[in-house]
Amino acid sequence: MTPSAPAVAPPAITASHRVAAVRLFNPTQWSGATVVEAPVGSLAARSIIDWRGVRLRMGGKEIAFAVREGRPHWRASLTTPTQPRAEDLLVFSCTVPPGKQALVEVVEGTQAPSRVLRRRDGRLEISYPGFTASIDAATGMLQSVRVAGVQALALPMSEREWLASPGPLLTYRFHAAGLVEILADERPWKGPSPWISHAVDYRLDLAGEAERAPMQENRAPLYGYRDFAAAVRYPASVHTLPGASVVALGEEFVNGRRWSRSLYLGPGASKAEIGPLLDVATEGLVVTPEPVEAALHGLGRVFAPTGCEAAAGVLRKALAAAGMRESTDGQPEPAIRLTLAERPADYCISGDGFVVQEADHGGLNITAATRFGLLQAAYRVGKALRATQTGVAVPLIASNPTVDLRAGGFGGGGFEVDFPYGDDAEWERVLGELAASGMNVMGDLGMWGNWKMPVSYREMPELRSSAPDAYDEVSGAKFSEFDQHRERGQKLLKYLHDRGVRVWIWLPIGAVPTTYAAAHPEAMSPTNAKTPCFTHPLYQRYLEAFLKELLETYQLDGVVMIRDDNGGTCECDRCKAYLKTSRTQSPPWEQYLILYDRLRRDGFKGEVAVYPYNDHYDPHLEPLLPADLLIVGHGAGLGVLSRGYEQCAPMGDTWIDNPLASFRLAGLARMRKLLADRPSFWIGGAYQASELPWLSVGRFGWDASCSVNTIRWEEGTARFGPRAAVAFVRCHTAYDRLAELFALPMLPLNWIKLTPEQQRGTANECREWGRRFRAGMDALEKAAGPRADPAWLAHMRMVGAFYTTNGVRLERLTRIQNLAKAHRERILAGQAMPAAARKALLDQYAAMWREAAEVAAMGPTTKSVMVGHTVAYSQLEPGREWGLQPWGYYLDWALEHKQFAGSVAALPVQATAGRPFTLRFEICNKGIMPWSEQARHRIDLAGDAAKLGLPANVQLLGEPVAPGDTRTIEVKGVAPAGSGQAEVTVGFFPTFATTDPTMRGTVHVAWGP
């Protein structure tokens, strides 16, 4: 509970009493009070500040504060810390005007006691200037919340609705800024999960007229697996009351294991006031701690343990930039000593945590529990170093991460990812930036990525091959390129290990090299020519040989098993018999367990994980799986319903990927919810033009209280310099809005459900945010000056143009639909539209293609291999987006009048034996979209086409075939000798990728002498 300001003003405090500070910047339009949270360790290491003996001052006035536990909900003791740890949070409320900065100082003194809580008539009453609340002291149920004198609860909370087994505990937090937080958490358990057989539904009934805030909710991604969205719900709503409003944000697990609500109480009720309140609630202020410092007047040596030179190098570089270099005459003092703690608990650090303390002789001691912790300390200290007239001011800080697993993997097709395609220096830069963000596990997704770690199959030489197309489905490498991939793999592995980063390798199950089937056909599945029989002794020998060489060649920290697009399962009689008595009776899960058992039997001590991409984790599996088997990524979402969080790292939405390939990114403002207080494993992705999500994989998992805008600010400062930070934040705010519009109302499936008024509103919003984004990019480029990165800016501009062009494209789609709808009967009857309507429809279609080409033309300026592939593969053309194809079947399923429909008709052909003949057939467009040469519609000829010398396919050339038009197609063939008849199947394939034609017809051909 954040206390209110004391009734009596405190004595004047002079500047000399300041011990630390928090600098704030408000990039939003919210002008009211807001809540700020900052880890106390970012202001001072443990015991440097006695938080019972300090006050907060802002603008010469005292503001109240509290210190609360900062551990994640599943680790929390739910008690107020008397001796705060580094991750515990300083919490206070304050007002920072829009676009302004403010400084909150930590000064000596004792804050006045709180007067906001009192006990009366069996109730606990909380009273702030802006709102009041009451709790039933006997049951702990919230009875009332009043804002601006109006009751915000429609019904008091009922004890009956909150009883569950195992019993969760209710936690309330009341903040002077007008925020009420309610959390229900289960307590840690031992043994089997109690949540496999228990479920509960919590309710909180709010008053007023309710309206959803869909941009802040989660939703099943268009691509990727939907199990997390099915298991965890992020509701958001706005409740309008007389003269007031309540914004409700929350999280709900479907089994009741966790439930929360954050109620933001606003005195106003207009949308103009609610919008900024939502912004500050989800994106926050920029929070920059200014910690307690020690003066370093000289530097003797920087000492580091063996294997920690990378951390020492980061620190030396930062010191040199501040004008402080190591002594060259052998003088050891004052020294900076990096140390790995033998007993981290003695320093109150855990995981990758660290502490920075003053040492004797004016030096510095930096202590961490891990090498990665020392690296993080070096980055944090280096970033906060401040040059003074007599030396350098060094921050005395400490930090503990919120969760221990902050993992990312780098995989995907060439048109999906822009992780390095170039030299090792590019790889090291990207991996170094991710490590600096706090990401401590990096996955080599070799089968899908550019970083591969193959083996030579030295114990199975029959699998080796010098053929140029021989390919290893497991590592994703050609045999001819093994040596260069092995060399790079070992180099990158060393680079990451030197920094304390753990490396996991991607292992597809049910996959073998392309040479395996030829060498051992008897060990293959009888139903799938690419899949091995997982119970065959030869396959077991293969696993043993492969794993032995893999673990001897690469010093791996973990293995991620997956049945990806290249993996299958065997259904032979032997495998079926094995499954009948198996643990899970599931072919893929048994293969996971066989591999797990072999790894552990062979003494592998690292982490073993399943990425259940095609084989989703289900709670009924829980008692059957080893306790230390991690469940991560796609398909792991249901793990949060029954697994211990330490063994579950789901991907919260969809992979962080390339929007140009039409992937709908996870909403940037929601990344904090998805990543903040539980382990996670994400893959992708578009490293440029989506920096916030990728860097946040490490940062949010380290500091759950960090705001979205703080990450933007820090990234802008690091990339473009301090002068450009404000412009960077504002630019990304506009980018965020465009991304959310693209992901939700601009998804064609959603767009067609909007009313005409809603469509106009969405299109106008897209145009407005596009204008703000372009202006923001101009301001960013100007502010960055010489530090501007032309390729980065070009990439961002291209993505922004892609978003706004899609908004225009949707408007054109609607106009095309309306034109076709007005003449639907004629179109379905195969009659041409009136000339004026036909021209108007074709003009809209041509403009749609022209605008898409303009976006594609921006590609070369980005210098991105990913963008180059995206353009080359025609991914930006209408209807040709890969993967999601939102203009394809996904949309056609929902349309009464399909985009692509029609008929094929032809007369039988009487041909002469051995002579050329012409096959004529008519295609009639009965859909709403034109057929055009630029769309590369394909007409396939199957059946007896090859027997008649007919081509396998024909491209549609010439003028577009508008809805209602009929076109005659002629193809040449040669009749066989003698007499006979044949049947040719004609199939029409639309713009979007599909294995099935949208229309099909049959043509009969007869011939004789």
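A residue counts as buried when its relative accessible area is under 20%, as exposed when over 50%, and as partly exposed in between (1.4 Å probe, protein chains only). This is a predicted model, in which local features need pLDDT of at least 70, side-chain atom pairs count only at pLDDT 80 or more, and totals for chains, interfaces and linings use all residues. Residues are numbered from 1 along each chain as its sequence is written, and side-chain values use heavy atoms, with hydrogens and water left out.

**A covered strand**

Strand β29 (residues 406–410; strands are DSSP E runs of at least two residues, helices H or I runs of at least four, numbered from the N terminus) has 5 of its 5 residues buried. In a regular strand the side chains alternate between the two faces of the sheet. Arg-406, Gly-408 and Phe-410 point one way from β29, and Ala-407 and Gly-409 point the other way.

Two strands pair if DSSP finds at least two bridges between them. The partners of β29 are listed here.

| Partner of β29 | Sense | Bridges | One bridge pair |
|---|---|---|---|
| β38 (residues 680–684) | parallel | 5 bridges | Phe-410 with Gly-684 |
| β30 (residues 441–444) | parallel | 3 bridges | Gly-408 with Met-442 |

**Two crossing helices**

The axes (lines fitted to C-alpha atoms over the stretch in contact, with angles from 0 to 180 degrees between N-to-C directions) of α13 (residues 708–720) and α14 (residues 725–743) come within 8 Å and cross at roughly 125°. α13 is therefore oblique to α14: angles under 35 degrees count as roughly parallel, over 145 as roughly antiparallel, 65 to 115 as roughly perpendicular and the rest as oblique. The contact (heavy atoms within 4.5 Å) includes Trp-713 and Phe-720 of α13 and Phe-728 and His-732 of α14.
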